[in-house]
Amino acid sequence: MSSNMEDLIINETRKFVDTIATLNHIVASTNDQQLTRLIHKLRLIEQRLSLIYTFFMASSYSNTMRQQVEEEQDKSYNNNSNSNNNNTNRPPFQ
């Protein structure tokens with residue numbers, strides 16, 4: 001009886017090993033076939049993200065520069081307004 005049980009365990013173990021070998025072969029062949037394509041897709045995504053990041057940074061820089069120019073213009077306008085107020089006899093604007 002123990003010999004029969006040992007044979008059953010050995011047979012099940014062999015089936016299990018064969019199944020794992022088959023799965024390993026399927027995974028390996030799938031990796032070989034699709035790996036290049038997947039790497040190419042990842043590179044395209046990386047390039048697009050890089051381009052988006054560049055546009056974002058350019059937009060951020062543009063907004064910062066625009067704000068600085070507007071602040072300088074406001075300061076310049078306020079300075080000119082204050083100096084003009086001192087040279088006239090009219091009341092200042094409120």
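Visitor: What counts as a helix here?
Guide: A helix is a DSSP run of H or I with at least four residues. In this predicted model, the protein chain has 1 helix and 0 strands.

Visitor: Why are K15 and E12 said to be separated by about one helical turn?
Guide: K15 and E12 lie 3 residues apart in helix α1, and therefore about one helical turn separates them.

Visitor: What makes the contact of K15 and E12 a salt bridge?
Guide: The cut-off is a side-chain nitrogen of Lys or Arg within 4 Å of a carboxyl oxygen of Asp or Glu. For K15 and E12 the N to O distance is 3.8 Å, so the pair meets the rule. The count by this rule comes to 1 salt bridge.

Visitor: Why is K15 called exposed?
Guide: Exposed means over 50% relative accessible area. K15 has 51%, so the term applies.

Visitor: And why is E12 called partly exposed?
Guide: The value for E12 is 48%. Partly exposed covers what falls between under 20% and over 50%, so E12 belongs there.

Visitor: How do you know that D74 counts as partly exposed?
Guide: D74, in helix α1 (residues 2-86), has 48% relative accessibility, so it falls between the two cut-offs. D74 also forms a negative surface patch with E70, E71 and E72.

Visitor: What makes L49 exposed?
Guide: Its relative accessible area is 54%, and the cut-off is over 50%, so L49 is exposed. L49 sits in helix α1 and shares a nonpolar surface patch with L42, I45 and I52, together about 410 Å² of accessible area.

Notes. Residues are numbered from 1 along each chain as its sequence is written. This is a predicted model: local features need pLDDT of at least 70, side-chain atom pairs count only at pLDDT 80 or more; totals for chains, interfaces and linings use all residues. Side-chain values use heavy atoms; hydrogens and water are left out. Patches are made of residues with over 30% relative accessible area and no salt bridge: like charges are joined within 9 Å, nonpolar side chains (Val, Leu, Ile, Met, Phe, Trp, Tyr) within 5 Å. Accessible areas come from the Shrake-Rupley method with a 1.4 Å probe; for residues, only the protein chains shown count as cover. Lys and Arg count as positive and Asp and Glu as negative; His and the chain ends are not counted. The place of a charge is taken as NZ of Lys, CZ of Arg, CG of Asp or CD of Glu. Buried means under 20% relative accessible area, exposed over 50%, partly exposed in between (1.4 Å probe, protein chains only).
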